[in-house]
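The exercises below are meant to be worked through with the sequence and the coordinates side by side. Each task is followed by a solution that proceeds step by step.

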Amino acid sequence: MINYYPFINLKKAFITTLLAIALISAASAQQPGQKWHYSMSVEPATKKLHVSLELTGKLPDTVAFKMPTWTTGYYQFMNFGKSVSDFIATDESGKAIDFKHPDQNTWKVAVSGNKVIKLKYDVEAIRNFVGGNYVDTAHAYLSPAGIFMYGDKNILQPVTVNVQQYPGWTRIATGLDLAGSDSTQFKAPDFDVLYDAPILMGKLEKLPGFTVEGIPHDFIGYKMGIADKQGFMDDMKKIIEVGLGIIGEIPYKHYVFLGTGPGGGGIEHLTSASVAFTGNGLDKQAGKMRLYSFLAHEYFHTFNVKRIRPIELGPFDYEKGSKTEMLWVSEGFTVYYEYILINRAGITNGLEMLGQLRANLLNYEKKPGHLFQSATQASLETWSDGPNGRVADEFNKTISYYDKGPVLGLMLDLKIRHETKNAKSLDDVMRKLYYSYFKKLKRGFTPQEFRQACDETAGIKLDELFEYASTVKEINYHLYFAYAGLDIDDAWKKQPGAWNGITAKTQKDSLFVTAVEYKSPAWESGVRVKSKIISIDGQPATLAALQALSTNKKAGDAVTMEIEKKGKVEQIKITLETEMSRSFEIKPMDNPDELQNAIYKGIFEGGH
């Protein structure tokens, strides 16, 4: 078999599988008879969390307590240990126990024959983000990975948590199971589950709940701003029902959306989703599409990532991070399925869904990163590049798997449908992965196993598609889009006006460069982002004067600019050119055949 994965070969896949099994075995070797019970309270005035642990049972001579460096679903190092202060360890009588703090995320406590260890420490809660901890006077959003320490090599230890309600606050919402009848006592079978269940508490609003297949679904949040609450939840029910229809079962006993309030970001969890939004824009179709796509994305992760997952994503390495080259599938395909979910739920139509996918395609085709970084590389390097690539770089040689991934997902869906006469689709691949690996083998899949599932579903080898994922080879969109009777305009065409390649904005009466297109006339002349344009052809620089160059000049004309770059003033000459670009407009072909029509309807008209 031709192997297009430059970072993973069959031998490495076998080793990865053995390593995952070894990690599970090691993590499973929990200390018998130990009881981990946490208690936590919030202090809005100081923006701190007060945390205590009582650890009882058979204990080793030294317990190394570890704070994770990251939280699942957000593939960036958070270094939660830096927010810990006032750490104290005592025995059962309250006598202080010696401890060492060898690194930012580790506290080693000398047990000395004690059967009880008590810890107390504070956690700063100032980051208003779905991956962090935040407290104000009206609510708190809590990320357990940044609050509760685990015992080194003891992740699969059961744990209970008491969350003390702050006076005047109304609700505690979380995906954790209750430990009993007390609404403030929660339990988790292990720290993986605890860390994957954030807690929202405060003066919260609960929207009308619903059940799907007898499973309760709730939406609880802070400052959500939903006007038509019942209509909104009716739409959410349709989205969940579409997800059920794709996979065939619901893998949880209860589910809650946690609306964290104004802000940005969303993170998926096993039995919940943390989503920051205000509900604004639902009165217009564009705003409705954005919000429902966002919510559908985080919900579909319940399947794709939390259960259908690359083998590296569990058991997790909370110190070094769990790196995988498959985020173009885990995140990228989830973007594709967010469009599918809201389309099949009747919230969008085919043309709107095509517009969403075209936006993703433009996001990477219009940037130079697509010439340098593959989807598999973007997945591996997200820990250093960031989730959207190195967007702050002067010259961005990266892409986002959130953009190329959904287009590859569409192309894979199109190819499978074409080869099977629309009898099978990408849905079949997702079901195969869910039932074969998550349900049967209780693990994730390797890159080769993912590829095998795709090949078996299509009935042919999909070498070209996987080459598009693992290389920067130019994609033949025409071939794949034609399977659904669609034409895509990827021809290079001359654009009107004289082109310099600069995008700028005015700040405090000065003109600053915000973007320079790669290999444009301005780029070749040395103009870079954050440069200050002082003058244009001897006249004070204004945004209007810069924009007028397009119409007042012609290709071949020279423009002199005085710019300040990195504190140095220099004069440059830019020779204007004619811009060549591709629109990637997508439209239906004339007279598609029966199979093309069926495939189009199956994907874009709420089909299956």
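**Exercise 1.** In this predicted model, determine which side chain makes a polar contact with that of S39, and whether S39 is buried or exposed.

*Solution.* Begin with the side chains: those of S39 and N162 are joined by a polar contact of 3.1 Å. Next, locate the residue in the secondary structure, where S39 falls within strand β1, which spans residues 35–43. Then consider accessibility: because its relative accessible area is 14%, and buried means under 20%, S39 counts as buried. Finally, list the surroundings, setting aside neighbours within four places in sequence; S39 is then in contact with H50, V51, S52, N162 and Q164.

**Exercise 2.** Establish in which sense β6 pairs with β3 and with β5, and over how many bridges.

*Solution.* Take β3 (residues 62–66) to start with: this strand pairs with β6 (residues 106–110) in the antiparallel sense over five bridges, and T62 stands opposite A110. Turn then to β5 (residues 99–103), which runs antiparallel to β6 and is joined to it by three bridges, with K100 having K108 as its bridge partner. As a last step, examine the connection, where β5 and β6 form a hairpin with two residues between them.

**Exercise 3.** Identify how many residues the largest nonpolar core has, and which helix gives the largest share.

*Solution.* The largest nonpolar core has 159 residues, and Y38, W328 and F450 are those with the most contacts inside it. Its largest share, nine residues, comes from helix α3 (residues 229–247). A second, separate core of 21 residues includes A498, I533, I563 and I574.

Terms used. Residues numbered from 1 in each chain as written. Predicted model: local features only at pLDDT ≥ 70, side-chain atom pairs only at ≥ 80, totals over all residues. Heavy atoms only, no water. Core = buried A, V, L, I, M, F, W, Y, C linked by side-chain atoms within 4.5 Å. Buried < 20%, exposed > 50% of the residue type's maximum accessible area, 1.4 Å probe, protein only. Helix = DSSP H or I, 4+ residues; strand = E, 2+ residues; numbered from the N terminus. Polar contact = N/O pair within 3.5 Å; in protein donor to acceptor, adjacent residues only side chain to side chain. Contact = heavy atoms within 4.5 Å. Pairing = 2+ DSSP bridges.
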